[in-house]
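Reader: I have this protein open on my screen and would love some friendly company. Please pick a single part for a close look, spell out who touches whom, and then show me how that part sits in the rest of the chain.

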Amino acid sequence: MAFQEAVMAFQEAVVAMNPVGIALTLVGALVGLLGSTLSFVEVLALRFLVVGGIAYCVKERRAIVLQPISEHTNKTNQTKSKSEDPEAECEKKEHEQGGLIKHCHHTVDEENDCPVTPVLDAIRNRRSVFPKQYIDREIPSAVVQSMLDAAAWAPYHGPRPPWRFVVLGKQAMVEMQQLTLKFYDKNWAQTGWANGKKGTAEEYLRWREMTEQEITGRWGPCSYMIANVMRRQAGSKRLPEWEEAAATACAVHNMHIQACSFPGVACYWSSWHDAARDSAEMASFLGLEDKEDKVLGFLVIAAYAPDLLTDKDRRVRGRSHTMAEWRV
């Protein structure tokens, strides 16, 4: 009889998805085992119920937590009228479009007549903030780590990602810029400077002086520069280079979006001085492992005051910028 009562109590706890009830019946069963004479079959049956019940509750609770927000909203607000519930129309569109629009928010792009999801909103808020707007304030390393965490979720083929990031702090940034100048001191006549510009020694020296002043001037307020390295043949299978470059670019874009989620964090992707960037000296400095590895510029990170930002956001994005052709 004690066994049957324990089973009934346990079943009630399972139906209610009550972890506390499950725990209590489990404890009661264990106590009963110490003072009663259950058969071997009854003990196995009780254990099966315990394990199965807990698994069922976990599954059901997880399903509730992960169910689309629109479904939860529909259950809790089904008495609201369309005019009172801005999400009603979104839910209707979701149903009509096969459930593809999830987590619909109240924000709507009136120009393009489409809902603005949190992801789209984050992408829209990504922008490049350039050195003339930087202020002398340190960016915490935790911000950079969160950017790297975002990069890890970029898509890629193969067993391991094709990107590698080298985070340069204050001293390392200075060393990298000095290496850039030393490279051009040796090679300016062949490679040119300032991304291919060629001229006389006097012109080069003027450019060099200006660039050296930028170490403490233009780049002085920067907290970090992240070297974006594309590793060729990151896995055992050799993939097309464009796939590894595209995957690395996606990772960098993730970092940029994440950086812009922090108020006052400035970020922009610099291609850097191309000849120095692609040189053997830079490869050695950054620890590139293969001669086919490439440096895809640097992500510059600094602080800025949003309320003092003088550069207007002149970006224009409309349906014409999607450059998409729909075919049936």
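Author: What follows starts with the whole protein, settles on one pair of helices, and then visits a few other spots. Please keep in mind that this is a predicted model, in which local features need pLDDT of at least 70, side-chain atom pairs count only at pLDDT 80 or more, and totals for chains, interfaces and linings use all residues. Residues are numbered from 1 along each chain as its sequence is written, and side-chain values use heavy atoms, with hydrogens and water left out.

The protein holds 12 helices and 7 strands; these are DSSP runs numbered from the N terminus, with helices (H or I) of at least four residues and strands (E) of at least two. Of its 328 residues, 37% are buried, where buried means under 20% relative accessible area, exposed means over 50%, and partly exposed lies in between, using a 1.4 Å probe and protein chains only. The accessible surface comes to about 20,500 Å², and carbon and sulfur atoms account for 58% of that. That area is from the Shrake-Rupley method with a 1.4 Å probe. Taking contacts between residues at least 6 apart in sequence, 74% join residues at least 24 apart; a contact here means heavy atoms within 4.5 Å.

Now for the close look, at helix α7 (residues 141–151) and helix α10 (residues 241–259). Their axes come within 7 Å and cross at roughly 140°. The axes are lines fitted to C-alpha atoms over the stretch in contact, with angles from 0 to 180 degrees between N-to-C directions. That crossing makes α7 oblique to α10, because angles under 35 degrees count as roughly parallel, over 145 as roughly antiparallel, 65 to 115 as roughly perpendicular, and the rest as oblique. On the α7 side, the contact is made by Ser146, Met147, Leu148, Ala150 and Ala151, and α10 brings Ala251, Asn254, Met255, Gln258 and Ala259. By class, this contact has 7 nonpolar, 3 polar and no charged residues. In that count, Ala, Val, Leu, Ile, Met, Phe, Trp, Tyr, Cys and Pro are nonpolar, Asp, Glu, Lys and Arg are charged, and the others, Gly among them, are polar.

Let's zoom in on Ala150, which sits in helix α7. Ala150 counts as buried because its relative accessibility is 18%. Leaving out residues up to four places away in sequence, Ala150 touches Asn254 and Gln258. The C-alpha atoms of Ala150 and Met255 are separated by 5.8 Å, although their positions lie 105 residues apart along the chain.

For contrast, try another helix pair. Helix α8 (residues 170–191) and helix α9 (residues 201–213) have axes that come within 11 Å and cross at roughly 175°, which means that α8 is roughly antiparallel to α9. Their contact has 6 nonpolar, 1 polar and 3 charged residues. Also in α8 is Gln177, buried at 6% relative accessibility. Beyond its neighbours within four places in sequence, Gln177 is in contact with Glu214, Ile215, Trp219, Met225 and Trp272.

One last stop is Val129, in the loop between α6 (118–125) and β3 (134–135). With a relative accessible area of 4%, Val129 is buried. Among the residues it touches are Tyr134, Cys267, Tyr304 and Leu309.
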